[in-house]
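Visitor: Pick one spot where parts of this chain pack against each other and take me through it closely. Spell out the cut-offs as you go, then link that spot to the rest of the model.

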Amino acid sequence: MNTEKDFSPLTPNIVRALNDKLYEKRKVAALEIEKLVREFVAQNNSTQIRHVIQILASEFALSQHPHSRKGGLIGLAACSIALGKDSGLYLKELIEPVLTCFNDSDSRLRYYACEALYNIVKVARGAVLPHFNLLFDGLSKLAADPDPNVKSGSELLDRLLKDIVTESNKFDLVAFVPLLRERIYSNNQYARQFIISWILVLESVPDIHLLDYLPEILDGLFQILGDNSKEIRRMCEMVLGEFLKEIKKTPSSVKFAEMANILVIHCQVVDETKITNDLIQLTSMTWMREFITLSGRVLLPYSSGILTAVLPCLSYDDRKKSTKEAASACNHSLMKLITPEDDDEEEEEEEEENKTATGSPPHKDQPKAEGDSSDLLDASQESGALSNISFFSQTSTDRPHVSLDLDGIVQVLDRHLHDSSTGMMTRIAVLKWLYHLYIKTPRKMFRHTDSLFPMLLKTLSDESDEVILKDLEHFDRVQGKHLEVRHQRSGRATDLSDRKLM
């Protein structure tokens, strides 16, 4: 560095000491800088303060000379100490050059950068929160630093920043989540540990509602749950456990539908030889069980995906007893969600077809489906009473309409019956599902009869006596339902012909 250059208001002695290779001389220069900045603060001379910071950043901290960079770092920390509570006014200029030094190839310099930033943050406290993403980004890199001294220094800074976030009510979660969503997919163990520790902290702060953004990080959490480190898996289990507790306490505010497919994916084991995959599957299946119980029909459109994940688990042996039990609970709860109301859509479609065919609405003495709010609305319009309708009274339409993906479910069931590797308990569960669907939604299932019956007949030759008995039982009942629906449809067709003649 050219020591003849004018660095005023820094004196030549300060400049020489900042460039010295000895730490003690750089420390003396830092004390002189602190004294100088205090004078500018007393004079309320912000111009000179910014000028000092700018010189320390550009001419020292960002210098090509390593000793100059070290001098710049300790000088910037001295400025922050001198500024005290006013340091928040200059944080961007103080922080950015220090963070740049986090990427230095010299581990000693990275350590000094960490030390300088610690002093800056310690003075500024809550004023650093608007710059949190920059700090988090820098710390996440140091968390995986190979040098133990740098790691130790970054851990001290990390704890300080966590204390500040915990005691403040000004943390900008909305701005932070995109960065968290990006970094959560890191494969580095130290970076993963760093991420998980921060999620635990944020989840513990009452004023920070991280649950609202769980759909954006849940997949990443399940990825971390498969880490080879036992400690990281333990921490991740703790995080997921805390989230599940909160979900149970406040189910009305949970975005169940946005997380359904994430759970479906992780409920399916890719490599059964890995213990970590067993943990992921058990945890996600446990979550799925709770989701179905807490959300009710919200997850009905995801039934085919859920069944794809759940059905194979029903044939697990005692080595995976917990997963099997969770899957069985999921299967039972999901089956209970399907009611005769799910068959009403078929009836509404037929009513629309009748209207189109006859060119007029159905006869007024024709029975209507229960809870058909659109027909009630039409009746009110005809009577001229539309202005008297109270929207408060339409409690049945308070919740968004949820449709049953019957075609998708039948496709999954059919695939498991065709698959020769399907376990006995899974095949029995498939037969129970088919029977349940024929009982609850006979009109909709009528469309699938021609494709399902050949497979039911083939199942009569199954190697398992229990499957054959269950198949015979269901075959007889399904056939009865099939004839019943066919008779109903024939009656409707005759009624429709009569209307056309009229």
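**A helix with two partners**

Guide: α2 passes α4 in a right-handed crossing, meaning that the near helix is turned clockwise from the far one by less than a right angle, while anticlockwise would make it left-handed. Before we go further, a word on where this comes from: it's a predicted model, in which local features need pLDDT of at least 70 and side-chain atom pairs count only at pLDDT 80 or more, while totals for chains, interfaces and linings use all residues. Residues are numbered from 1 along each chain as its sequence is written, and side-chain values use heavy atoms, with hydrogens and water left out.

Back to our pair. α2 and α4 (residues 66–83) pack at about 35°, and their axes are 8 Å apart. Those axes are lines fitted to C-alpha atoms, for helices over the stretch in contact, with angles running from 0 to 180 degrees between N-to-C directions. The helices themselves are DSSP runs of H or I, at least four residues, strands are E runs of at least two, and the numbering goes from the N terminus. On the α2 side, the contact (heavy atoms within 4.5 Å) uses Y23, R26, K27, A30, I33, E34, V37, R38 and V41. Facing them from α4 are H67, K70, G71, I74, G75, A78, C79, I81, A82 and L83. Sorted by class, that's 11 nonpolar, three polar and five charged residues. Here Ala, Val, Leu, Ile, Met, Phe, Trp, Tyr, Cys and Pro count as nonpolar, Asp, Glu, Lys and Arg as charged, and the others, Gly among them, as polar.

α2 has another partner to look at, α3. These two pack at about 155° with axes 9 Å apart, so α2 runs roughly antiparallel to α3 (over 145 degrees; under 35 is roughly parallel, 65 to 115 roughly perpendicular and the rest oblique). I33, V37, F40 and V41 of α2 meet Q48, I49, V52 and L56 of α3. The class count here is seven nonpolar, one polar and no charged residues. Note that I33, V37 and V41 turn up in both the α3 and the α4 contact.

What joins α2 (23–42) to α3 (46–61)? A loop, and N44 is in it. N44 has a phi near 60°, positive even though the residue isn't a glycine. N44 is also exposed, at 68% relative accessible area; the scale is under 20% for buried, over 50% for exposed and partly exposed in between, with a 1.4 Å probe and protein chains only. R125 makes a good companion case: its phi is about 50°, again positive without being a glycine. R125 sits in the loop between α6 and α7 (132–142) and is partly exposed at 28%. Toward the start of the chain there's a backbone oddity of another kind, a cis peptide bond from S8 to P9 with omega near 15°, in the segment before α1 (12–18). For context, most residues other than glycine have a negative phi, and most peptide bonds are trans.

Now follow I33 inward. I33 is among the residues that touch the most other members of the largest nonpolar core, along with L10, I199, L214, L221, F243 and W287. That core has 139 residues, meaning buried Ala, Val, Leu, Ile, Met, Phe, Trp, Tyr and Cys joined through side-chain atoms within 4.5 Å. Its largest share, nine residues, comes from α6 (residues 107–124). I199 shows what such a hub touches: L180, I184, L210, I217, L221, V239 and F243, leaving aside residues up to four places away in sequence.

For a second helix pair, try α15 (residues 303–310) and α16 (residues 321–337), whose axes come within 10 Å and cross at roughly 150°. They're therefore roughly antiparallel, and the crossing is left-handed. S303, I306, L307 and V310 of α15 make the contact with A327, C330, N331 and L334 of α16. In the loop between this pair lies L311, buried at 0% relative accessibility. L311 touches N331, V412, L413, H416, T426, A429, V430 and W433, not counting residues up to four places away.

Zooming out, the protein has 23 helices and zero strands, and 48% of its 502 residues count as buried.
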